[in-house]
Amino acid sequence: MVSEKDVAHIAELADIGIEKEELAEFTGRFNEILDYFDILDQVEQGTRGGTDLVNIFRDDIVEDSLPGDEVLANTLEKEDGFFRAPRVM
Amino acid sequence: MATLTFTRDDRYNAFITMLDNAETGPGKLSGIGIAIKDNISTRGIQTTCASRILEGYLPPYDAHVVTLVKKAGAGIVGKTNMDEFGMGTTTENSAFGPTKNPADTSRVPGGSSGGSAAAVASGMVRMALGTDTGGSIRCPAAFCGIVGHKPTYGRVSRYGLVAYANSLEQIGPMARTVSDISLLMEVLTGYDPRDSTSVNCPYAHIPDPDIRGLKIGVPEEYFGEGVDPRVASVVWDGISLLERKGADIITCRMPSMAYALAAYYVTCTSEASSNLARFDGVRYGPPADTRQTWHESFQERRRDGFGTEVKRRIMLGTFALSSGYYGKYYAKAQAARQQVRNDFLRLFREVDVIAGPTMPTVAFRIGEKTDPLSMYLSDILTVPANLAGIPAISVPCGTSEGLPVGLQIMGPHFRDERVIDVAYAFEQGVSR
Amino acid sequence: MTGTADTAGQESRVMDFSDDEVIIGLEIHCQLDTLTKLFCGCSTDYRDDGPNTHVCPICLGLPGSLPRVNRKAIEYALRVAKALNCTIVEESEFARKNYFYPDLNKGFQITQYDRPLAVKGYLDIEGDDGEKRVRITRVHVEEDPGRLVHKGGADRAKYTLVDYNRAGIPLIEIVTEPDIRSPKEARKFLNKLRATLEYLGVFDSEKEGSLRVDANISIQPRGWFDREGKGKADRGRAEVKNISSYKGVEKALTFEVTRQKNALRRGQRLGTETRHFVETRGVTTSSRSKEMEQEYRYFPEPDLRPLRVCTWADEIVLPELPDARRARFITQYGCSPIHARTLTGDLRVAEFYEQVAGIDPVFVATWVADTLLGELNYRDMSINRVSPDWFRELIVLVHKGNVTDKGGIEVLRSLLDQIRESGSCETPGVCVGRLGLRVLERTAETMSEDDPVVKAAREVIAEQPQAVADFAAGKKEAFNFLVGKVMKKTRGRAKPADVNQVLLAILGKEG
C-alpha cells in the first residue's frame, strides 16, 4: 500500500504537479494497479536474456548540425543564441 | 508531383492536423493518400502526440518512415489523433478530443492509433501509419474492422517516433486489405543506421494464400477469463475457416500470460517515465515560466501539459524504478518478459503461427471505461507480442453485436511474411 | 621534532587527532578528444563558436531522436582502461540516469551503471611516502550535459541561459578507491592521470572545462579505513562536487581538511554531506538543494545495444606511457630522476624536450625542467606557445658560451613576455643583440686597452682603491669583491674566467 504522502513524493520525483484534490484519486488507483502488479512476485528472478545484437556503432565522422534558425525555432524563450530556462537557485 | 484530392470532412475527429494539400510522386505508393499518426515526426508539420505539452511543436526533421513513404510517392494527408503519447486503448486520452468509431459513432475506435484506424475505416485515406507499443495498431484495427500489423521489433526504424516505450514499440501499417498492408511493409522495412535497434531485414513479399499444412497454435489463455464468449465464438469461427483452408489447428498453453500484462505495464511505464522527462518546456513546446525556480517551473509545465493518464503512467514508472522497488517491479518484469519470449520460442518449435482474438471484447462505448486497471486488462491479448518482439497482425473476422471483431495472428521473429500470408488466406477465404 | 610530538601528546589527553589520516577518493570526468559527440555526428570543436551552433535533434533531445554510439569514444575509453590496468568486462551496457535539471537535454543522462566498461585497475604515482599504487574502481563512458550561464551570478540570477554545444561530448569517468591520503597526493594522482590520458592521445587538458573532479574526503583515525573499510560507521565525510581545475582540487581538499579537522576538534559530528567548491573564494559550501537527492532510477538504455568489446583491448597497442618514458629519459639522456619525472609529467614537455635534447641532453634537461617550466608557470603559459626552434637557438647560444646563463634567462623572459603580449617574439639572436647580452669575447691573451674586460677591470681598480689595497694585503675576499664589480660593470657579459685572468694580470703586474 502506498500512501498519499508516497504518491506526492513520487510526483515530486517525476516533477509532475499533482493538485491536492487529485491526490486521493491517484492514490486509490495507484494501489489497485500495484496490487495487480504483485503477481510479479511469483516470477523467479531468472538470468537476463542474451542478445546477438551487440556493438552497434557509428564512425567518428562529423555530420551537419542543425541550421541556427531551426535550433531555436520551437521556443519563444531565447536570448543571444541561448535557450532561456528557469533559474537554478 | 501531383496534388491529391481528399475529403476534408473529418466527422470522426480522426485528424489532429490536416494538410491543405498532399503531394504525390512516382513510386510504389504513387497516388495514395496516407495518414500519419501524430507521434511520428514530420518536418515542418506539427507533431503533438495528442498532448498539450507539444502543442505547436514543428519537428526540424522527418522520421525515417516519413522519408520512406514520401520517397515511395505517397501523399501525406495529415496527422492522426491518438491517445496522448500512445497511452490508452480508446483514443479518448487525447488533448484534441476523442476519435469516434466509424462503425458506430457512439463507440471508441480503440487506441492508441484510433485516428489512423478511423481515417482508414471511413475511407478518408487508403492507408495509415500507426504505432504499436502494447496493441496500439491491432486494437483499433480490430475495433474499426480494418487490418493492422505490428512488425517484428527492429524491422521498421523508430527514428523520429516520439518514444513512449522504446523496447516495445514499432511503427506499422494500417489498411483495409492485407495486400495494402503488404505493400506498405515493402516501403517501411529495411535497415536504418540511425536506429541502433534496427535490423537489416527488408520485406519483399507478395502475399500467398496457400496455407495447406500450416500449423496454427491456439493458446487456451487467449480464450480464457475476461474474453467475451461472443467474441471468442466469432474468432473460433475464423480459426475454423483457416482449418478448412488446410491448416492444422493445435491447442496449446502459454503459462507466462499470467504475468504478461503486469510485465508489460511495469516496463512501458518505467520507460515512459524516463522518455517523457524531456518535456520540460525549455527547448520546445509551450515555454517554461523562467521567472520561477527550475523545479517549480518544470512541475507547473508538466502539470498543465500532461493529461491524467500520462501523469499516472509517469508516476507508476517512476515508482517502479525507484530505489527499493526496482527489484520488485522493473527487474521482475524483465524476468517475466523473458518467460513470455521463452514461451513463444517453445511454441514456435511446434507451430508456425499462433492465432486468437485481438481484443477480448468489441469496441467500448465512449466514456464507458473509467477505471484505469480494467482498461489495462483489455490489452492482455496484444501485449505478449510486444514483450517478445514478434510480428502480429489483426485482420477483420466478422462481427459481434454488429461490431467488428479482429483475428490476431502472431508469428516467429522476422516471419512477418508468414503472418501476413495467413491473414491474406483468411481475408480471401472470407470474401469468397 | 620530538618537542612537537610531546606537545601533541599533552593535548591528546583532551582529544587526540594527532594520529588521524585523510582519506580521499576521486571521481574524475574527462572529455574524450573525439571529433564528434558520443551519440551524434555534431562536431566537438565548439569552443570558439556561439551557443547552440553544434547541435542536432539528438543532442538537443528532440522527441523521436535516437542515440548512436561513437565507436572512437569506446576505443579511447578502452585505451584508458588498459593503461590503467583495468579488467575490461565481457559485456557492458549504457544506462539512463534520470534526474531533472535545465542542462539536461533529455531529462536523463546516458551513462553506465551496474555494467561499466572496465573495473579493477590501478595507477602508480609518486605519493607522499614514495611510489604508491592507487586502485581504480571502475572506468565508464557517459555524455556531458549542456552548459548553463547564470545571468548575474548563480545566487541572484533571474533566469538561466542554456547552451547545448557541450551536451553529448563523450566523457570518461574514472573512479578511484579511497587510497589517496593527502590533497597533495590527490594533485599528484591527477597530474599522473592527465599525463597518462594525454600520452594515450585521447584527452586534451588545454581545452577549457575538459576535466572535472568530484572528491570524497574524510578524516579518520589512522588505520581505521584499512580495518573497517567503506560504508561502516565513521566520522562522516564530504563529497566535494564539480571541481574544474587541477589546482582547484588541491585547494578544495586542503580547505576541507582544515574545515573537517576544526569541526572534529569542536566535537561536532560530521554527517555525509555534498559540498560545492567555490573556485573564486577557495572554499567549499554545503549544497542544501534537493537536486542532490540520490534517486536516479537507473535502468538499461533501451535505445542502445550492449557493448561486447573486451577482445578489442587485446588489439590495442599502448604507446609509451609516462613511467616508461621517464625510465628512458634516465638511460637514454642521462637525466636525473627528478628531471626525468618533471619532463615526462606532461606529454608536451616531454616531446618538447626530445626535440631540443640533442644539443646536450643534461644541459637541456636543466634548462627545460627548471628554467623554462618555472618561467612558464610564473606566467601561467603553456609550453605549446614556445617554439622548439627559437628555444633551440637560445640554448645553443648559452651552450656555446655566447650568452651567459644569466643572460640566457633574461632573453627567455623577454621572449616569453613578447609572446604573451603579442603572440610572437623576435629571434633569440636579435634579442641578445638588442639587450646587449652577447658575451664579451676577449682578444686572446692581449691586454689591449680596447678589450672591454680589460677596460672594465681598469675602471674597477681605479674606483676601488681600498679593495685593491686589501687584496695586496692578502685578503682573498677582496679579490672576489673586485670580480663581482667587474661582472656588474660588464652586465654579466664577461666570462668569469676571463675576469679572473685579467684582474690577476693587472693587479699582479701593478702589485
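The exercises below, each with a worked solution, concern a predicted model.

**Exercise 1. The fold of chain B**

Determine how many helices and strands chain B holds, and judge its compactness against the globule rule.

*Solution.* Begin with the secondary structure: chain B contains 12 helices and 13 strands. Next, compare the radius of gyration with expectation. For 432 residues the globule rule gives 22 Å, and the radius of gyration of chain B is 20 Å, close to that value, so chain B is as compact as a globular protein of that length. The C-alpha trace of chain B extends over about 70 × 60 × 45 Å along its principal axes. Then consider burial: 66% of the 432 residues of chain B count as buried. Finally, take the contacts in chain B between residues at least 6 apart in sequence; 75% of these join residues at least 24 apart.

**Exercise 2. A loop residue of chain B**

Locate B:Phe364 and decide whether B:Phe364 is buried or exposed.

*Solution.* B:Phe364 lies in the loop between β11 (353–357) and α10 (372–377) of chain B. The classification rests on a count of neighbours: a residue is buried if 20 or more other C-beta atoms lie within 10 Å of its own. B:Phe364 has 21 such atoms within 10 Å and is therefore buried. Apart from neighbours within four places in sequence, its contacts are B:Thr90, B:Arg107, B:Val108 and B:Lys369. As for B:Gly27, the C-alpha atoms of B:Phe364 and B:Gly27 are 39 Å apart, with their positions 337 residues apart in sequence.

**Exercise 3. The length and bend of a helix in chain C**

Compare the expected span of α10 (residues 361–379) of chain C with the distance between its end C-alpha atoms, and find where α10(C) is kinked.

*Solution.* The expected span is 1.5 Å times one less than the number of residues. For the 19 residues of α10(C) this gives 27 Å; the end C-alpha atoms are 25 Å apart, which agrees. A kink of about 30° is centred on C:Val368. C:Val368 is also among the buried residues of the helix, which are C:Val364, C:Ala365, C:Trp367, C:Val368, C:Ala369 and C:Leu372. The elements that cover these buried residues include α7 (322–333), α8 (337–344), α9 (347–356), α11 (388–400) and α12 (405–422) of chain C. Just after the helix, C:Asp380 adopts a positive phi of about 55°.

**Exercise 4. A small sheet in chain C**

State the strand order of the open sheet of 3 strands in chain C, and explain why β5 and β15 each have one side without a neighbour.

*Solution.* The order is β5-β4-β15, with antiparallel pairing. β5 (108–111) and β15 (299–300) stand at the edges and have a single partner strand each, so one side of each is left without a neighbour in the sheet. The pairing of β4 (residues 95–98) with β15(C) is antiparallel and comprises 2 bridges. Within this pairing, C:Phe299 in β15(C) is the bridge partner of C:Arg96.

**Exercise 5. Where chain A meets its neighbours**

Identify which elements supply the side of chain C that touches chain A, and which element gives the most to the side of chain A that touches chain B.

*Solution.* Take chains A and C first. Their contact involves 38 residues of chain C and 29 residues of chain A. On the chain C side, β2 (69–70), α2 (71–83), β8 (147–150) and β9 (160–163) each supply at least two residues. The largest share, 4 residues, is that of β9(C). This side of chain C has 19 nonpolar, 10 polar and 9 charged residues.

Strand pairing also joins the two chains: β1 (residues 57–58) of chain A and β2(C) pair in the parallel sense over 2 bridges. There, A:Arg58 is opposite C:Asn70. The loop residue C:Leu35, between β1 (20–31) and β2 of chain C, touches A:Asp60 and A:Val62 among others.

Now take chains A and B. Here 37 residues of chain A contact 49 residues of chain B. On the chain A side, α1 (4–13), α2 (20–37) and β3 (82–85) each supply at least two residues. The answer to the second part is α2(A), which gives the most, with 6 residues. By class, this side of chain A has 21 nonpolar, 6 polar and 10 charged residues.

How values were computed
Residues are numbered from 1 along each chain as its sequence is written. Chains are lettered from A and ligands numbered from 1 in the order in which they are written. This is a predicted model: local features need pLDDT of at least 70, side-chain atom pairs count only at pLDDT 80 or more; totals for chains, interfaces and linings use all residues. Two strands pair if DSSP finds at least two bridges between them. Two residues are in contact if their C-beta atoms, placed from the backbone, lie within 7 Å. Ala, Val, Leu, Ile, Met, Phe, Trp, Tyr, Cys and Pro count as nonpolar, Asp, Glu, Lys and Arg as charged, and the others, Gly among them, as polar. The radius of gyration is taken over C-alpha atoms; the globule rule is 2.2 Å times the number of residues to the power 0.38. A residue is buried if 20 or more other C-beta atoms lie within 10 Å of its own, exposed if 12 or fewer, and partly exposed in between; C-beta atoms are placed from the backbone. The bend at a residue is the angle between axes fitted to the seven residues ending there and the seven starting there.
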